[in-house]
Structure formats: C-alpha cells, structure tokens
Amino acid sequence: MNKPKKTLFAEAMEQHKGIVFKIVNSYCQNRDERQDLAQEILTTMWLAYDNYDNEHKFSTWMYRIALNVAISYYRKDSKRIGRASEDEECLVHIADFSQQEERSEEVMLLYRFIGQLDTLNKAIMLLYLESEPYDSIAHSLGISKTNVATRISRIKETLKKQFESQDV
C-alpha cells in the first residue's frame, strides 16, 4: 500500500531536518528570522516535492532548495542584515552541536569564520563540509565545478589566515 504524499514528505523532512537546521542557523540573524526562513524553506520544498527525482539523493535536492531559498531570502531584503541584537547573533550555530558534550574550540572558531563569509561562499562551505562532491555543489548552486574548486581553495586560504591571526 502506497503512503500518501503528505506522509512521505513528513517522513523525509523528519529524517533530514538537520539540513534545514544548519542552513537556517547559518543564515539567520535572530530567532524570528530563523523561524520565517525555515517556514519559507519548508513551503518551497512542499511546493517542489512533486518535481523531486528519486534517482538523486534526497539530501542533495533538499540542500539545493534550502540554500537557494536562504540566499534569495536575504537578497530580497538586505535590511535583514544587522537587525539582530548582539545576543541573538548566531555566528557559531552552523553545526548542530547539541549532541556533543565537548566542543572543540578550533571547531567553534572554524564555524564562526564560516559564518562571516558571504552567502554563496557560506553555502559552498556548508556543502563542502557535508562531503558533497564538487559536481553536486556546482549543480546545487548553479555555478561551474571550476568555480566551486577555485572558491573552496580561496576560502581555505582565508580561513587558514584567520586561524593564524587568532594564534589558536
């Protein structure tokens, strides 16, 4: 017996909700914006769910949609940037550390630096840290594989310099 579309979608979202969590937290400025962005991502995914090709990984499809929605969300209203209070900034919440008892200071610093990247480079690094192949990153973000490789190389160099300046 086939499950209804709504049930399949809910199960897939439950299984991969960490992707939405990471993206919302990496692009958010405050709690209200995180909730708005998460709602927009889920709505967009629901509307696009009929077009999902199950020959590809669901997580890749989900990343592509979520990142595109997040990037568009902030392009639409650049006033969102800087509206967060100091207490609500979420520079270090890209990764879900909720299940780790000990957080490495270096890992926290890495995510803080990644959180400071522009929207496209931040998206590239999120996918790179998920071990997505360059082809997949390029496809998800609508850029060339060469552009992905070049950007990753430059981002790594930038992050290396930031670490060196921190004397970690």
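W46 touches K5, K6 and F9, leaving aside residues up to four places away in sequence. This tryptophan sits in helix α3 of a predicted model. The C-alpha atoms of W46 and A10 are 9.5 Å apart in space, while the two residues are 36 residues apart in sequence. Is W46 buried, exposed or partly exposed? Its relative accessibility is 31%, so W46 counts as partly exposed, given that this class lies between the limits of 20% and 50%.

**The chain as a whole**

The secondary structure consists of eight helices and zero strands. Written in sequence order, the pattern is α-α-α-α-α-α-α-α. The chain has 168 residues, and 41% of them are buried. Its accessible surface is about 10,500 Å². Carbon and sulfur atoms account for 46% of that surface. Among the contacts with a separation of 6 or more, 64% join residues that are 24 or more positions apart.

**Helix α3 and its partners**

Two packed helices are described by the angle between their axes and by the distance between those axes. The table gives both values for two pairs that include α3.

| Helix pair | Residues | Angle between axes | Distance between axes |
|---|---|---|---|
| α3 and α4 | 31-48 and 58-76 | about 130 degrees | 9 Å |
| α2 and α3 | 17-27 and 31-48 | about 135 degrees | 9 Å |

How do α3 and α4 lie, and which residues join them? The angle of about 130 degrees falls in neither the roughly perpendicular range of 65 to 115 nor the roughly antiparallel range over 145. The helices α3 and α4 are therefore oblique to each other. Their crossing is right-handed. On the α3 side, the contact is made by E33, D36, L37, E40, I41, T44, M45 and A48. On the α4 side, the residues are W61, M62, I65, A66, V69, A70, Y73, Y74 and K76. Sorted by type, the residues of this contact are twelve nonpolar, one polar and four charged.

The pair α2 and α3 has an angle of about 135 degrees, and these helices are therefore oblique to each other as well. The crossing of α2 with α3 is right-handed. The residues V20, I23, V24, N25 and Y27 of α2 meet R34, L37, A38, I41, L42 and M45 of α3. This contact of α2 with α3 contains nine nonpolar residues, one polar and one charged. L37, I41 and M45 of α3 take part in the contact with α4, and these three residues also meet α2.

**Helix α5**

Which residues of helix α5 are buried? In this helix, which covers residues 105-115, they are M108, L109, Y111, F113, I114 and G115. The buried residues of α5 pack against two other helices, α6 (119-129) and α8 (145-166).

**A loop residue with positive phi**

Most residues other than glycine have a negative phi. S131 is not a glycine, yet its phi is positive, at about 65 degrees. Where is S131 placed? S131 lies in the loop between α6 and α7, the latter covering 134-141. With a relative accessibility of 63%, S131 counts as exposed, because the exposed class begins over 50%. W46, at 31%, counts as partly exposed.

Methods: Residues numbered from 1 in each chain as written. Predicted model: local features only at pLDDT ≥ 70, side-chain atom pairs only at ≥ 80, totals over all residues. Heavy atoms only, no water. Axes fitted to C-alpha atoms, helices over the stretch in contact; angles between N-to-C directions. Helix = DSSP H or I, 4+ residues; strand = E, 2+ residues; numbered from the N terminus. Parallel < 35°, antiparallel > 145°, perpendicular 65-115°, else oblique. Left-handed = near helix turned anticlockwise from the far one by under 90°. Contact = heavy atoms within 4.5 Å. Nonpolar A, V, L, I, M, F, W, Y, C, P; charged D, E, K, R; others polar. Buried < 20%, exposed > 50% of the residue type's maximum accessible area, 1.4 Å probe, protein only. Areas by Shrake-Rupley, 256 points an atom, 1.4 Å probe, with all protein chains shown as cover.
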